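Trainee: Got a minute to go through this one with me? I'd like to talk about the pocket before anything else.

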Amino acid sequence: MQVLVRQEDTPVWRVRLAPGPGEEDVALDGPGLAALSAVLAQARASGCRVLVLDSAGPSFCRGMDLAKLVKLTPVEAEPALAGYARAIHELATFPGITAAIVAADAVGGGVGLAAAVDLVLATDAARFSLPELLWGLVPGMVIPPLAARIGARAAQRLALTGATLDVDAALGLGLVDGRLAGDVEKALRARLRDLLRRSPAAVVRLKELVRSLADRPLPEALERGLARTRDDIADEATRAAIRGFLDGEAPHWFAKVPREEAAS
């Protein structure tokens, strides 16, 4: 697998998965996952506000390259396995907004990559499936981000049945957040324009709050939410932004989709 980057000098990073040399499709391997982690680290360090993950392969991602994996000893396979876990963690904890565009099959580990981002946008050609149990594998690193997104029982059901979800079914489960129809780039640009109006600092605080609320009782969750809102209202930068908004002024963090991005 190759990892290609576009527009890395702008607030929006486009990260594209592509087949490696001599390969026909996008399959996860050690070098490709290491490259993905390196790109995510660079984007994080750059202050990237929106990171969009998509694919140049016939599928979005067909999961781990099992043909390569079974030729390795357990010790030799460890870097690829650990690399996948690291990439999932980096996507799930990325401080900016992350999105995935799924326009074809997402299988196995490809489902995990999609589930780990903030927003999954799919075309009508997208399909999602977890066939690992057919081969005696448990999708152990896919289940955590998938369960966080759609619930543990629904994630278990998807793995048990191996069912292939179309876009409507994935929307119903919450695996997909929005449909992209027609001109995908035009539809994406409209989304980006909206996302770039969100306060980067508030995005970080929101994601930290949501992670902290996992499995908390409602009273405790509400108490944490109250503390977060109390601190936000006391923050002078937030207060200034609210006053400006009420006076018809755009907050300073509003950004436009870069001109070169619009042309890509």
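Mentor: Sure. Keep in mind that this is a predicted model. For the largest pocket, the lining divides into 17 nonpolar residues, two polar and six charged.

Trainee: Which residues lie nearest the centre of the largest pocket?

Mentor: Those are Ala 92, Asp 118, Ala 148, Val 210 and Arg 211, out of 25 lining residues.

Trainee: And what volume does the largest pocket have?

Mentor: About 790 Å³.

Trainee: Okay, which helices each supply at least two residues of that lining?

Mentor: Helix H3 (74-92), helix H4 (109-116), helix H5 (143-150) and helix H9 (200-212) each do that.

Trainee: Switching topic to the strands. Is strand E2 mostly covered or mostly open?

Mentor: Mostly covered. E2 spans residues 12-18, and six of its seven residues are buried.

Trainee: In what sense do E1 and E2 pair, parallel or antiparallel?

Mentor: Antiparallel, over five bridges, with E1 being residues 2-6. Have a look at Leu 17 in E2, which has Val 3 standing opposite.

Trainee: What about E2 and E3, parallel or antiparallel?

Mentor: That pairing is parallel, over six bridges, and E3 covers residues 50-55. Leu 17 turns up here as well, with Ser 55 as its bridge partner in E3.

Trainee: So through which helix does the chain cross from E2 to E3, and is the crossover right-handed or left-handed?

Mentor: The chain goes through helix H1, residues 30-46, and the β-α-β crossover is right-handed.

Methods
Residues are numbered from 1 along each chain as its sequence is written. This is a predicted model: local features need pLDDT of at least 70, side-chain atom pairs count only at pLDDT 80 or more; totals for chains, interfaces and linings use all residues. Side-chain values use heavy atoms; hydrogens and water are left out. Buried means under 20% relative accessible area, exposed over 50%, partly exposed in between (1.4 Å probe, protein chains only). Helices (H or I, at least four residues) and strands (E, at least two) are DSSP runs, numbered from the N terminus. Two strands pair if DSSP finds at least two bridges between them. A crossover is right-handed if, with the strands pointing away from the viewer, the path from the first strand over the helix to the second runs clockwise. On a 1 Å grid over the protein atoms alone, a cavity is a set of points where a 1.4 Å probe fits but cannot get out, and a pocket is an open set with protein on both sides within 12 Å along at least five of seven lines; lining residues have an atom within 4 Å of a point. Grid points are joined across faces, edges and corners, and a volume is the space filled by probe spheres set on the points. Ala, Val, Leu, Ile, Met, Phe, Trp, Tyr, Cys and Pro count as nonpolar, Asp, Glu, Lys and Arg as charged, and the others, Gly among them, as polar.
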